[in-house]
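Student: I have a new structure open and I don't know where to start. Can we walk through it together?

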Amino acid sequence: MHRLRTTMARLRPLTAAQSAQSISQPRLLAIEGGLRTFKPARRLNTSVAAEPFLNGTSSNYVEEMYYAWLENPRNVHKSWDIFFRNANAGAPPGAAYQSPPPLSGSSQGLTGVQALMGAQPNLEKLVQDHQAVHSLIRAYQVRGHHIAKLDPLEISCVDFDDTPCTVGFQNVAVFNPDLDLICMPTLSAHVNVFETGVYGLAESDLDKVFRLPTTTFIGGSESSLPLREIIRRLEMAYCQHIGVEFMFINDLEQCQWIREKFETPGIMQFSLEEKKTLLARMIRSTRFEEFLQRKWSSEKRFGLEGCESLIPALKTIIDMSSLSGVESVIMGMPHRGRLNVLANVIRKELDQIFCQFDSKLEAADEGSGDVKYHLGMYHKRMNRVSDREISMSLMANPSHLEAVDPVVQGKTKAEQFYSGDTEGKRVMSILLHGDAAFAGQGIVYETFHLSDLPSYTTHGTIHVVVNNQIGFTTDPRMARSSPYPTDVARVVNAPIFHVNADDPEAVIYVCKVASEWRNTFHKDVVVDLVCYRRNGHNEMDEPMFTQPLMYKQIKKQKGVLQKFAEKVIAEGVVTTQAYEEEVARYDKICEDAYNRSKDEKILHIKHWLDSPWPDFFNLDGQPKTMHSPPTGISEEELKHIGNIASSVPVEDFITIHGGLSRILKGRANMVDQRVCDWALGEYMAFGSLLKEGIHIRLSGQDVERGTFSHRHHVLHDQNVDKRICIPMNYVSPDQAPYTVCNSSLSEYGVLGFELGFAMASPNALVLWEAQFGDFNNTAQCIIDQFISSGQAKWVRQNGIVLLLPHGMEGMGPEHSSARPERFLQMCNDDPDVFPKITENFAVHQLYDCNWIVVNCSTPANYFHVLRRQILQPFRKPLIVFTPKSLLRHPEAKSSFDDMLPATIFKRLIPDEGPAAASPEKVKRIVFCSGKIYYELTRERKNRGMDDSVAVIRVEQLSPFPFDLVKAETDRYSNADLVWCQEEHKNQGYHDYVKPRICTTTNHTRPVWYAGRDPAAAPATGNKKTHLTELQRLVDAAFDLDAFSGKI
Ligand SMILES: Cc1ncc(C[n+]2csc(CCOP(=O)(O)OP(=O)(O)O)c2C)c(N)n1
Ligand SMILES: [Mg+2]
């Protein structure tokens, strides 16, 4: 057995991916001057030198022979039999081969191939020719898409050369026979193959019969074919309107699966019914855009003209998926064709779409709303093909292309999670892309890299690219460095099906295969609809300014519906009259809806909600109450969760690190003393919510341990790989599950994902933690476009929590600031209006804000704010600036007393020392937030100023606790007011807080500033400067004369 393995290891050809890689390096070919494209340092090297027939693609052939020989030595020629026997017996390289016995004798032992071909005087030539044919087949599989007729305009476009392109549009299409393995755009031009001599085949070989390798399905039921037929079938499979890119996939079964789907003769067949449905769908897609154009010729709609087959494509994917058991499809897409998808795929009522074009439509909802081609939609309906119910949601999205990708994935994952769909059989996602955006936006790559991670996979996404060969005014030569816009998908081994979108049958065929692929392998797949854009970027744009040649061609281009209708009428699928009736029927549907749309006077954005939470709100979509209950928990519960946090629930099963045992012991001591540090406070919040049935998901880089090694939510066995324990899942037998997952090193992608996850259900606490707070800026688009403004634009609430480690610890410009100023600048509360203080003021304030920004200075307050996030009757994003040094600060601990029933989150923590006892003696209030509090109170003590200066913590910065700040300023009526922060003056909280304190006092008392000077960088890189700055700012805070005489 061992010998067999060794022999095969010696004989084994390159993997598909290796071959694909080497074959797709034209330069290598040119340099090496032949068909051998293997890398120098590969396994076969020794034997190749000694046994030259083992090299290159011939090893495929040899492998075939070897398997045949293993089955029965008589299956192969005597010479191979001897070779394999010798190799198997351990013959050194070069010694296994022996000259074949003369052929003139008995024919016993001749191979099936030889039998087919009759007496073969030159065995070496026979082997070589077979090798050549196998190589040729493989070349079609690897590179057939290079010469497939993908571009409806026939002016394209795919540049396989890697030198920058500098010349005119048409030049990039030149096919270079020296650089390409397959040199025959058509069979009649096959002469190239023979002329270049790449394969060593001659024209006279065309009628010779060759045995087919098991890695092709072109034979159907036949195992050998004449070369002419082999080439014809390969041309049919790989070089027509479908270009299949898949040979980089590192999995033989998957490659075989794809080969079978495209190579099997006659596989692309459609029933009469299918053709009629396809025609009807093409009519809807085309006539919808035409209708809009007729009615609103000067309105932007980002029409689909030039890619009308997108609609049948999506409908096919949905039909096929529904047939295989999918019940929910979540989609994300850009502007192009969005209205058409809403109308004809999601089936939004046409009158609701048409009324959006009415400029007099009044907005019924609060908030900004959004333009019609960004709105989302949720709809449940029967799928006519499968006869099953299916729900579809198209996610609302900002203009920022591709930003919605991870959001869709997160929502899909959540739906899978909550419905127990562990393999993605019932819930799936579809992502649509433009060609320029797919290639250009990094978030596409980040999203692909989530696709196979255990806590982020959605078990396969179907990507559909509307590849109209242009992005606004930029053509592909200037828009990407890769040949195809889809190359990014290769990183996850997703097959890519390029298809000429002017051939609707080819389109729906690849969509069927893509759906089957997803449902079979649960991996991503890409459908690249190669099309064109009939108009400018939008309907107002003149494309001839920038793409004159392309648009001359487009003007000549017959519409795809017209072409397809002519084809099916000629085939007798429908009559001209039936076709015209179908067109008229749909036109009437549009016209009727248009008439109805005129009655619509009010726009309800909530009718465009993509993620409804029906049970969470009352029937009007309002919170069921405006009361937020206390967030404390019982002593018993605190003790119980504390014990879980400080023990190993499965002690006999797992051996943890000694250092961790000490940490757990420290926690146990805290529980005994009835106190919590930060990590334990978090544990108490999570544990209690889990017990109350709230699912918690904490995601981000290194969150399982915690960047600062304080959390340790996952315990690792020190001896057994992957044996772990998550004590948080042992809080209570009927608790909700706890998910804690280290993410990929991505912020944009992962934050978008978690935002999407949080959309699926209001009954989950979803938290994303940045490694350091400042890394949130690589996810800025998610923060600005979705988190801050999502509810205003799309009336969609979201309770995501961002944990952003923040604090000036002398660690340099990076790793210090989570940029509170940016979050605060985006808060929607008015700095100049003192609000009316009513009952439940705090809850109303939370309800009205766009997000909540807090910096908790105690573990208890952190505990409460996390619990409040779920117990409050609505959902708002919560931004928490979290500490670093405070995680271990001896004073930053909270007593259980501050977490007991009836205790709540403190929006502001007043001074509780001597200053509060005699407020009239207090000369100054120092307002602050976060860790600087501990520096200030230490300094105050050192200076003996406990009774003259009150230090007050603003824990909830936004919405601003006007009521509580007023109580403090009223109480210390003789004190001057200082805002103190460790951040630079143009950063931190100052600009947000100062005008609000001024409003609180009705501008009667100035608010002084004690903090660092304005600066460009968030912090100094020099430790000494850091300490000097710190000293200076606390000096200012306690120098009671510092501001006298200043205005
Ligand atoms: C992140 C981002 N950058 C820039 C834009 C502006 N923009 C809108 S559409 C567009 C071109 C998109 O081209 P493509 O992805 O090919 O889609 P198409 O419009 O051709 O369908 C650009 C640059 C944007 N919307 N989002
Ligand atoms: Mg485009």
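Student: Let's begin with the rings. How many aromatic pairs does the count come to?

Tutor: The count comes to 34 aromatic pairs. Keep in mind that this is a predicted model. One of the pairs is Phe 291 with Tyr 594, an edge-to-face pair. Their centres are 6.1 Å apart, with 75 degrees between the planes.

Student: Which parts of the chain does that pair link?

Tutor: Distant ones. Phe 291 belongs to helix 12 (residues 272–295), and Tyr 594 belongs to helix 23 (residues 576–597). They are 303 residues apart.

Student: Are Phe 291 and Tyr 594 buried or exposed?

Tutor: Phe 291 and Tyr 594 are both buried.

Student: Which residues form one aromatic cluster with them?

Tutor: Phe 288, Trp 296, Phe 354 and Phe 357 join Phe 291 and Tyr 594 in one cluster.

Student: Glu 299 caught my eye. Where is Glu 299 found?

Tutor: Look in the loop between helix 12 and helix 13 (310–323). Glu 299 is partly exposed, because its relative accessibility is 29%. One cluster member comes up again here: Phe 357 is in contact with Glu 299. The two are 58 residues apart in sequence, yet 7.8 Å apart in space, C-alpha to C-alpha. Leaving aside neighbours within four places in sequence, Glu 299 also contacts Lys 372, Glu 539 and Met 540.

Student: Back to helices. What does helix 22 pack against?

Tutor: The buried residues of helix 22 pack against helix 12, helix 20 (504–521) and helix 23. Helix 22 covers residues 560–571, 12 residues in total. It reaches 16 Å from its first C-alpha to its last, close to the 16 Å expected.

Student: Which residues of helix 22 are buried?

Tutor: Val 560, Leu 561, Phe 564, Ala 565 and Val 568. Seen down the axis of helix 22, they fall within an arc of 125 degrees, so they line one face of the helix. Just after helix 22 comes Gly 572, with a positive phi of about 85 degrees.

Student: What about helix 37, which residues are buried there?

Tutor: His 1026, Glu 1029, Leu 1030, Leu 1033, Val 1034, Ala 1037 and Phe 1038. They sit on the same side of helix 37, because they cover an arc of only 160 degrees around the axis. The face turned away from that buried side carries the exposed residues Lys 1024 and Arg 1032. Helix 37 runs over residues 1023–1038 and reaches 23 Å, close to the 22 Å expected.

Student: And what do the buried residues of helix 37 pack against?

Tutor: Helix 34 (932–942) and four strands. The strands are strand 24 (924–928), strand 25 (949–954), strand 27 (976–984) and strand 28 (1007–1012).

Student: New topic. What coordinates the magnesium ion, ligand 2?

Tutor: Asp 435 through OD, Asn 468 through OD1 and Ile 470 through O, at 2.0 Å. In sequence, these donor residues are spaced D-x32-N-x1-I. Asn 468 and Ile 470 are both buried.

Student: Which charged residues lie over the face of a ring?

Tutor: Here are two. Lys 876 lies over Tyr 847, at 5.6 Å from the ring centre. Arg 953 lies over Tyr 933, at 3.5 Å from the ring centre.

Student: Now the backbone. Which residues does a cis peptide bond join?

Tutor: Ser 958 and Pro 959, with omega about -5 degrees. Pro 959 is in the loop between strand 26 (956–958) and helix 35 (962–971).

Student: What is phi of Arg 819 near?

Tutor: It is near 65 degrees, a positive value in a residue other than glycine. Arg 819 sits in the loop between strand 19 (801–805) and helix 30 (820–825). Arg 819 is buried, because its relative accessible area is 17%.

Student: And Ala 902, buried or exposed?

Tutor: At 65% relative accessibility, Ala 902 counts as exposed. Ala 902 has a positive phi too, about 80 degrees, although it is not a glycine. Find it in the loop between strand 22 (894–895) and strand 23 (908–909).

Student: Last, the whole protein. How many helices and strands does it have?

Tutor: The protein has 37 helices and 28 strands. Buried residues make up 59% of its 1047 residues. Among contacts between residues at least 6 apart in sequence, 79% join residues at least 24 apart.

Notes: Residues numbered from 1 in each chain as written. Chains lettered and ligands numbered in written order. Predicted model: local features only at pLDDT ≥ 70, side-chain atom pairs only at ≥ 80, totals over all residues. Heavy atoms only, no water. Phe/Tyr/Trp six-rings, centres within 6.5 Å; stacked < 30°, edge-to-face > 60°. Helix = DSSP H or I, 4+ residues; strand = E, 2+ residues; numbered from the N terminus. Buried < 20%, exposed > 50% of the residue type's maximum accessible area, 1.4 Å probe, protein only. Lys NZ or Arg CZ within 6 Å of the ring centre and 35° of its normal. Expected span 1.5 Å × (residues − 1). Arc of directions from axis to C-beta. Contact = heavy atoms within 4.5 Å. Donors = N, O, S within 2.8 Å, 3.2 Å for Na, K, Ca; no water.
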